[in-house]
Amino acid sequence: MTPDLMRAGAEARRHAEQRALALQTGSSGGRAASYSRIVTPGQLDIAHGAILYLDDITVSFDGFKALNALSMSISAGELRCIIGPNGAGKTTMMDVITGKTRPDAGRCFFGSTIDLLRMRENEIASVGVGRKFQKPTVFEHLSVFENLELALKADRGVRASLFFRLSGAQLDRIGEMLVLIHLKDHAQRTAGLLSHGQKQWLEIGMLLMQNPKLLLLDEPVAGMTDEETERTAELFLSLEGGHSLVVVEHDMKFIHALTHGNPAKKVTVLHEGSVLAEGSLAEVQADEKVVEVYLGR
C-alpha cells in the first residue's frame, strides 16, 4: 500500500470515528441515535432505512446557483428516477455525491455515518458509490470478458494485479455478470465493436463487479434502440432491492417502464437546483408546476 493510500485510509477512518462518536451522543444526521447498536467506524449504516441523505446542498458557479438548498433522501434498495429540464442541477447533484464538486453549504451522508463531503472521489467509490456517465467508458481494445476481469482487479495494486489469477468463484461471477448484462454471447468480442447500447451494459457490468451499494446512472438509455432500452429497464429492475439506484433520465417511456405505474415508486423532479415535486409518476405528471416547467415543453 502506498503512503498516499495509507494516509487516505487513516483520514477516512478518523472522520468515520468522529461521526460514530456524534451518533453515540445523540446526533445521527438529524435523527435520533440508537444507543443499543454499535456502529463500526467507516461501515455503511442503513438502520434508519435511507442509504443517501442530501440536506440543504447549495452549489454556486460564478453567482449562478446550480443547486439551491437541495434536500433529498434515497431508501436502501430503492430505484429512484430523477427528471427535470436541462440546467436543473441533476449532473451537479451527482458530482456532489461522488466528490467531484464541493458544495458551498449543506450535508451529504452515505447511510447515517459516512460523511461524503469529507472524502475524496476514490474514497467515495471504495465505500460503495458507483457512477455511470452518459457516454460509456470501456476499454475498447480489450474483450468484453477482459473488461469485466479488469473491473474485478480494480481495487488491487499494480504488483498484485500482475500476478492476479481468477479463481473458479470469480470466473463464475464473471459468467453470471455476462448473462445479467445480456452479453454472454459476446464475451470474447472486442468491446470497441459493440453497439452503443451494449457498451452501456458493459460499463454497468464493470461497475457491478465492484459491488457498489449505490449506483448513480446518468441518462443510461440515451442513444439506445427501443429493444436495448427495454432490456436496460429489465436489467435495472432486476438490480432493485439488492442495490440502490438513482436514474437520471429524460426518456419518459423508460421512466414509465421502471415505475410500472407503481404509486410506491417515487419520481423526483428537479428545477433550478431544488426539488420541484416528488411522488409517483402519475402524481408528478399531473402536477401543474411540473407540466409548466418540464413536461409541457
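The following exercises, each with a worked solution, concern a predicted model of one protein chain.

**Exercise 1. The chain as a whole**

Task: State how many helices and strands the chain has, and what percentage of its residues is buried.

Solution:
Step 1. The secondary structure comprises 11 helices and 10 strands.
Step 2. The chain has 297 residues, and 48% of them are buried.
Step 3. Contacts between residues at least 6 apart in sequence may then be examined; 65% of these join residues at least 24 apart.

**Exercise 2. An open sheet**

Task: Determine the order of the 4 strands in the open sheet, and identify its edge strands.

Solution:
Step 1. The strands follow the order 2-1-4-5, with antiparallel pairing.
Step 2. Strand 2 (64-75) and strand 5 (114-115) each pair on one side only and are the edge strands.
Step 3. Strand 1 (residues 50-61) pairs with strand 2 in the antiparallel sense over 8 bridges. Within this pairing, Ile57 has Leu70 of strand 2 as its bridge partner, and Ser60 stands opposite Lys65 in strand 2.
Step 4. The two strands form a hairpin with 2 residues between them. In the turn, Asp62 has a positive phi of about 50°.
As a general principle, strands of a sheet pair through backbone hydrogen bonds, either parallel or antiparallel.

**Exercise 3. The surroundings of helix 2**

Task: Describe which strands helix 2 touches, and explain why helix 2 is said to be largely enclosed.

Solution:
Step 1. Helix 2 (residues 90-97) packs on the sheet and touches strand 1, strand 2 and strand 4 (105-110). The direction of helix 2 makes about 115° with that of strand 1.
Step 2. The buried residues of helix 2 are Lys90, Thr92, Met93, Met94, Asp95, Val96 and Ile97.
Step 3. Because 7 of the 8 residues of helix 2 are buried, this helix is largely enclosed by the rest of the structure.
Step 4. After helix 2 comes Gly99, which has a positive phi near 85°.

**Exercise 4. Strand 3 and its partners**

Task: Establish which residues cover each face of strand 3, and name the strands with which strand 3 pairs in the parallel sense.

Solution:
Step 1. In general, the side chains of a regular strand alternate between the two faces of the sheet.
Step 2. On one side of strand 3 lie Leu79, Cys81 and Ile83, and on the other Arg80 and Ile82; all are buried.
Step 3. Since 5 of the 5 residues of strand 3 (residues 79-83) are buried, the strand is largely enclosed by the rest of the structure.
Step 4. Strand 3 pairs in the parallel sense with strand 8 (residues 244-248) over 4 bridges; Val246 of strand 8 is the bridge partner of Arg80.
Step 5. Strand 3 also pairs in the parallel sense with strand 9 (residues 267-271), over 3 bridges. Here Ile82 stands opposite Thr268.

**Exercise 5. A residue of helix 9**

Task: Decide whether Thr259 is buried or exposed.

Solution:
Step 1. Thr259 lies in helix 9 (residues 252-259).
Step 2. A residue counts as buried under 20% relative accessible area. Thr259 has 2% relative accessibility and therefore counts as buried.
Step 3. Leaving aside neighbours within four places in sequence, Thr259 is in contact with Cys81, Lys265, Val267 and Leu281.

**Exercise 6. Two crossing helices**

Task: Characterise the crossing of helix 4 and helix 6.

Solution:
Step 1. The axes of helix 4 (residues 144-153) and helix 6 (residues 168-180) come within 10 Å and cross at roughly 125°.
Step 2. The two helices are therefore oblique to each other, and their crossing is right-handed.
Step 3. Helix 4 contributes Val144, Phe145, Leu148, Glu149 and Leu152 to the contact, and helix 6 contributes Gln170, Leu171, Arg173, Ile174, Met177 and Leu178.
Step 4. These residues divide into 8 nonpolar, 1 polar and 2 charged.

Definitions and conventions. Residues numbered from 1 in each chain as written. Predicted model: local features only at pLDDT ≥ 70, side-chain atom pairs only at ≥ 80, totals over all residues. Heavy atoms only, no water. Axes fitted to C-alpha atoms, helices over the stretch in contact; angles between N-to-C directions. Parallel < 35°, antiparallel > 145°, perpendicular 65-115°, else oblique. Left-handed = near helix turned anticlockwise from the far one by under 90°. Contact = heavy atoms within 4.5 Å. Nonpolar A, V, L, I, M, F, W, Y, C, P; charged D, E, K, R; others polar. Pairing = 2+ DSSP bridges. Buried < 20%, exposed > 50% of the residue type's maximum accessible area, 1.4 Å probe, protein only.
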